[in-house]
Every structure is written in C-alpha cells, then in structure tokens.
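Please open the model in your viewer and keep the sequence panel at hand. The tour below proceeds by selection, one stop at a time.

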Amino acid sequence: MSTEQAVRPEDERLGIGPTLGYGVQHILAMFGGVIAVPIIIGGAAGLTPAQSAVLVASGLFVSGLATLLQTLGLPFFGSQLPLVQGTSFASVSTMIAIVGDDGTDGLRTVYGAVIVAAAVGLLITPFFARVVRLFPPVVTGSIITVIGLSLMPVATGWITGRETVTVGGATVPNPEFAALPSIALAGFTFLVVVVAGKIAVLSRLSVLLGLLVGTVVALVAGLSDFSGVGGASVAALPAPFAFGTPLFTVGATVSMVIVVLVIMVETTADILAVGEVVETRVDARRVGDGLRADMAASVVAPVFNSFPATAFAQNVGLVALTGIRSRFAVAAGGLLLLVLGLSPMASAVFSAIPQPVLGGAGIVLFGTVAASGIRTLAAVEYRGTNNMVIVAASVAFGLVPVVSPDFWANFPDWFATIFHSGISSAAIVAVLLNLFFNVFAPGRPSAPSVVAAGPPVLVQTGEIRILASGEVLGPESYEPVTAKPGTQVRDD
C-alpha cells in the first residue's frame, strides 16, 4: 500500500473485534431495506413463501459480494470507500410494472432487462465519472439533505406498518396501522440510541445497541416472532437462475435502462456524500471505479436471482453518526451479508428484528444524513451568488415525490421514472441550476430576487436588520454600515 493510500481515513484498521462489531452494526442498519425489495417483488409475482425466501437469501448474497467489491476493490472496480451495497428501491415500481400478471415469466423478463440495462450502465460509466466536477458543495449539500429527508418515510413506514392490507382479495384498512405499541417500541429504540450515543464507551455502537435492546424488549412484550428460525435450513447455496433463464423484451429493457441511469445518479451522490463525511478525496477516477462496481454487481445479480445494486444512503448516515470511517468495517459487514445469503437460518434470525425497532433507529440514521447535508451547505458562499436559489429549488424538487408520490403520474413513463426519485430529482435540478448560475452565467444582478437575496435577519427588537449581504440597516436613516451576519449592533 502506498504512503498516500495509508494515510487515507477510510484505510484505518480497527482490530478484528471492533471491525466485526461495527460491521454487524452496518448490516443491522440496512437489513430491513435489503430484504424489502425481494419481498415486494416476490409478492407482485405471486411467489410462494418458499420462493420469496429464495429471493431474500439471493439478495443478501449478492449484496455481500457487491459490498466486498465496493469496499476492498479490484483494478478499475470499487471506490474503496465505506459504502454498503444493497438492492435499489429506485427499481421497484418499474419491476412491478414489468412483472405485471405474468408471475415467474414476468420475473424472468425483469432479470433479462436488468442484465442488459446494467451492461449499458457499465459501458457509459466513463462519461458519468467525469461529472464529478458538476457536484460542488452547493450541489452535494442539497442532494445529501434530500437523501436524508426522502428516507424519513421509510423509517416511519417501518414504525406504522401499511395503511391497508389484503384480505380475501379485497383491500381493507389495516387495524394495526400506527398501533401505539409499535410507536412506543420505536420510541424506546430511539431513546436507547440517543442515550448510548451520549456515553463515550458506547457511542460508536449506539445503533447496534438500540437494535439489540429494542429487539429484546419486543420479544418480552410479544411484539417479535422468531418461530420461523427453527424451520430454516442451516446452509444453502443460491441456485443460479432458480426461476428459469432470463427473457428479453425491448420495452422492459428500455424502462430498466432509465432506472439504471437513476441508480447511477444516486450512487454518484452517495459516493460524494460518504467522501464528504469521511473527509477524503473523491475524484472522477474514484467515482468511476465505484460506478463500475455498482454496475458489475447489477449485471451479475440476476444470475443469482437478485436485482439492481446500489449504495445504501442510510449507511452513509451511520458513518456520520458513529465516526467509524474504516472501509474494512463495512467490508466485514459485506462478509456477514454473504454468509447470511448462504444460511437461510441466519437470515431468518436477522429478519425477525421488528420493523418498529428498525424505524426507531432509522429516524436517527436518516436524520444524520440530512444533518450532514446541512453542514455541507453551511460552508457554501451565498453572498454575491444565486446559490440560495439552487438550494431552494433542488430541495423542493427532491421533496415533491416524498410529499406527493403521484405528482408525476400523468407524465411520460420515462420522465416519471426519473423524477419519482427525490434523490435524482434533486441531483438533476441542482446540477442544471449550478451550470446556469455558476458556470454559464456566473455572478448575480445588483438587485437580486427575494429568494437570491435571502431574508433579513432581525438581531434585536426595533428596526435594526442585518441583511444576507452583510449590510446593517439602522432605525433612523436606514443607511447601511459594514457588518457580518450575527454581529451585535446597538441602536443608540
């Protein structure tokens, strides 16, 4: 290892015990997300519980392989950053549409589309690697903030459960939706994470402790079910093409190519985000290596009955929350995922963690991602620029699909697929506005818009205001005087 590599924060070695412990913490933080996609797609395809279990185990297996490739790296593959790879949520709606009513044949069509689309992504990666210069702090800060905020519905969904359930073919309200015991369990887990984070010797394992203690309390209270563990086999190798050979259709492939482009935008944002958190250098070459690992894993995933891979944003939040920046800790987590994928019994144990427990910890994790974005935005220069407009518009567009999931429903499918993801929406708007304001037309007019100028800041009672430009307006003459925002000003 070169001297330059040795001093990188992500190359820190923690010892076997801590490395394994922090690796487990990473897997627990993302486990609900990595098993959710195969469960959803299995349900859409009408699979039996045993067949859905194959999808879950396969997803864990591929996620483990992808995480090891991303963190440890091979020549031209892997960013060598602490990034956990899992199954992409961005692909879910498109895959459900492809599956339709075709059952396992629809699933085979999904696998064919994923293979071709990921191969296309692998070929165009060199172009994507060059866009890193289009992501200055005003762009990355906006995207990271949206990543955290857009994940909040996932955490709350884990806590409340689904609003409706299907009974006898009919959709009816779920009587267990937002049940007080579930919310109480999530709140207790949240408190454990927060309190443990205050204790020096426990702070770096706060999320792991929250998940473990929350699960134990749930077991005592009868809110968790480990009955499925005993019936699971100890070891089983995922069978290649367990549902048959892939089917290839033009329409499904085109739709999936669009999804892959969205995934590449999101992965680029996650690579840049974790680089900011770790405080390490991320250049175009490193982004390219990370994207190639992402796409290579996505090409291989259908062979082992899994779906497109992507970097998990919630684990970026865990890195920020714990301060553990070692990629080897995440690689240990990847190895654990691989083992879980080979052991249905071990997978069943982790799958028994109640979702409200995951949600309680997720609130802290996802909030930390948003806070990291806000910290990045705090370093952006707003005076004399239109950066306030860039932040305002990109965050707003990023939250549109969060607050109104059907907002783009009547637009063309390719457009809706892209903008249905808050992360890709924010990234596209932020990049385009940054190009317009800071690259093609830099500077700001002498009389900027209200948004660009920013609101005045009232520093004390009366009429003294410090403007975003740094000018202070007095109560009598309103003549500006030089001062910085936050300066204490007397009006006498």
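Is Arg-286 buried or exposed? Arg-286 is buried, since its relative accessible area is 8%; buried denotes under 20% relative accessible area, exposed over 50%, and partly exposed the range in between, with a 1.4 Å probe and protein chains only.

This is a predicted model, in which local features need pLDDT of at least 70, side-chain atom pairs count only at pLDDT 80 or more, and totals for chains, interfaces and linings use all residues. Residues are numbered from 1 along each chain as its sequence is written, and side-chain values use heavy atoms, with hydrogens and water left out.

**Whole chain**

Begin with the protein as a whole, coloured by secondary structure. It comprises 18 helices and eight strands, where helices (H or I, at least four residues) and strands (E, at least two) are DSSP runs numbered from the N terminus. Of the 492 residues in the protein, 51% are buried. The protein exposes about 21,700 Å², of which carbon and sulfur atoms supply 67%; accessible areas come from the Shrake-Rupley method with a 1.4 Å probe, and for residues only the protein chains shown count as cover.

**Salt bridges**

Next, select Arg-286 and Glu-10. Their side chains meet in a salt bridge at 2.5 Å, N to O, the term meaning a side-chain nitrogen of Lys or Arg within 4 Å of a carboxyl oxygen of Asp or Glu. This pair links distant parts of the chain, 276 residues apart: Arg-286 is in helix α10 (residues 284–300), and Glu-10 is in the loop between α1 (3–6) and α2 (16–44). Glu-10 is buried, with a relative accessible area of 0%.

Add Arg-8 and Asp-11, whose side chains form a salt bridge of 2.8 Å, N to O; both residues are buried. Extend the selection to Arg-327, and a network of salt bridges linking Arg-8, Glu-10, Asp-11, Arg-286 and Arg-327 is in view. By the rule above, the count of salt bridges comes to 10.

Remain in helix α10 for Asp-289 and Arg-285, a salt bridge with its closest N and O atoms 3.4 Å apart. Because the two residues are four positions apart in helix α10, about one helical turn separates Asp-289 from Arg-285. Asp-289 counts as buried at 10% relative accessibility, whereas Arg-285 is partly exposed at 48%.

**Two kinked helices**

Select residues 355–378, helix α14. Its 24 residues reach 34 Å from first C-alpha to last, close to the 34 Å expected at 1.5 Å a residue, the expected span being 1.5 Å times one less than the number of residues. A kink of about 30° is centred on Gly-362; the bend at a residue is the angle between axes fitted to the seven residues ending there and the seven starting there. Helix α14 is mostly covered, with 17 of its 24 residues buried.

Move to residues 422–440, helix α17, where 19 residues reach 26 Å, close to the expected 27 Å. Here a kink of about 25° is centred on Asn-434. Asn-434 is one of the buried residues of α17, which also include Gly-422, Leu-435 and Phe-437.

**Two loop residues**

Most residues other than glycine have a negative phi. Select Phe-76, in the loop between α3 (49–72) and β1 (85–87): its phi is positive, about 75°. Then select Ala-178, in the loop between β3 (170–173) and α7 (180–198), with a positive phi of about 55°. Phe-76 is partly exposed at a relative accessible area of 47%, and Ala-178 is partly exposed at 30%.
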